[in-house]
Amino acid sequence: MKKTTLLLFIPLILLSSKLLSQNKDIYQIKTYLMNTEQQMETTENFLKDAYLPALKRLGIKPVGVFKPKTIESDSIKKMMVLIPFSSLEQFSGLDNQLSNDNVYLTAGAHYLNAPFNEKPYLRIESTLLQAFSEHPHVTPTPLTGPRDERVYELRSYEASTEAILKNKIEMFNKGGEVKLFGSLNFNAVFYGEVISGNNMPNLMYMTTFSNQTSRDELWKVFFSSPEWKVLSAKTEYKNNVSKADIMFFTPTEYSDY
């Protein structure tokens, strides 16, 4: 049996007027894939010395930069950048604004002008999200302990259909799942519905913990809480997650949080 793929092109900017204009952040998750230490060094220097300062000059902040907890053993190394935008227009206009920033062009010259045989990365993956109504803006973690001990947990929940994903998002918002995470001090950075990405339909969210032990203990408290037992038992919210991916990150020293 042949596998059929349907390609639908909708300019993102056309979505912004009504669908995405509810005073909720737009998030871009940029994941840089690399396979050499030289690529890692070049990309890190670019992010730290050129890209993040340029974003701040445009009022785009706070920006998180993270490495997977397992990066030492990975053959493909990764770095993830979480960027909050106030609108799709701000997102779509970013490259043009950066191209007119001489400070950025100078500071990032080694990366920006790299020749084809000295590329600073393998590829860049990009996911675009819109914030949930119950958590409309990025919230930097209040944790102040050692960064190398912190756990930033990024979860992706896939659903069987777009309608079922809406049901899971409703469970977070109207159902009270976001409030439950807040009451238990999960220190959520963001919750977002993916509006452009590779694993749609899906949502993603990030929570933070001082260390792995506190993370494990808090999830035990979450699953045993009366609120979760009541919420998860509701018939209308059954079978609304078909796959869950869990990824652990640590923040870089130049990350905003």
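Which are the buried residues of helix α6 (residues 162-172)? I began my notes there, keeping in mind that this is a predicted model.

**Entry: helix α6.** I went through the helix and found that its buried residues are Leu 165, Asn 167, Lys 168, Ile 169, Met 171 and Phe 172. I then looked up what these buried residues pack against, and I noted strands β5, β6 and β7 together with helices α7 (177-183) and α9 (226-232). For reading such a list I reminded myself that residues three or four places apart in an α-helix point the same way, because the helix has 3.6 residues a turn.

**Entry: aromatic rings.** I looked up the ring pairs next, and the structure holds 30 aromatic pairs. I picked out the one formed by Tyr 191 and Tyr 205, which is stacked, with 5.4 Å centre to centre and 20° between the planes. This pair links distant parts of the chain, since Tyr 191 belongs to strand β6 (residues 190-196) and Tyr 205 to strand β7, 14 residues apart. I checked both tyrosines for exposure, and Tyr 191 and Tyr 205 are each buried. Following the ring pairs outward, I arrived at a cluster whose members include Tyr 191, Tyr 205, Phe 172, Tyr 157, Phe 209 and Trp 219. At Trp 219 I also noted a charged neighbour, as Arg 155 lies over the face of this ring at 3.9 Å from the ring centre.

**Entry: the second largest pocket.** I recorded a volume of about 500 Å³ for this pocket. It is lined by 24 residues, of which Thr 31, Lys 78, Glu 125, Met 204 and Met 247 are the closest to its centre. I listed the elements that give two or more residues to the lining, and they are β1 (26-34), β3 (77-85), β4 (123-131), β5 (151-158), β7 (202-209) and β8 (243-251). The most comes from β8, with four residues. I sorted the lining by character and obtained nine nonpolar, nine polar and six charged residues.

**Entry: Val 81.** I turned to strand β3 once more, where Val 81 lies. Is Val 81 buried or exposed? I count Val 81 as buried because its relative accessible area is 0%, and buried means under 20%. Leaving aside neighbours within four places in sequence, I found Val 81 in contact with Gln 28, Ile 29, Lys 30, Tyr 32, Leu 47, Val 63, Gly 64 and Val 65. I also looked up the spacing to Leu 52, which is 29 residues from Val 81 in sequence and 9.7 Å away in space, C-alpha to C-alpha.

Definitions and conventions: Residues numbered from 1 in each chain as written. Predicted model: local features only at pLDDT ≥ 70, side-chain atom pairs only at ≥ 80, totals over all residues. Heavy atoms only, no water. 1 Å grid on protein atoms, 1.4 Å probe; cavity = no way out; pocket = protein on both sides within 12 Å on 5 of 7 lines; lining within 4 Å. Points joined across faces, edges and corners; volume = space filled by probe spheres on them. Nonpolar A, V, L, I, M, F, W, Y, C, P; charged D, E, K, R; others polar. Phe/Tyr/Trp six-rings, centres within 6.5 Å; stacked < 30°, edge-to-face > 60°. Buried < 20%, exposed > 50% of the residue type's maximum accessible area, 1.4 Å probe, protein only. Lys NZ or Arg CZ within 6 Å of the ring centre and 35° of its normal. Contact = heavy atoms within 4.5 Å.
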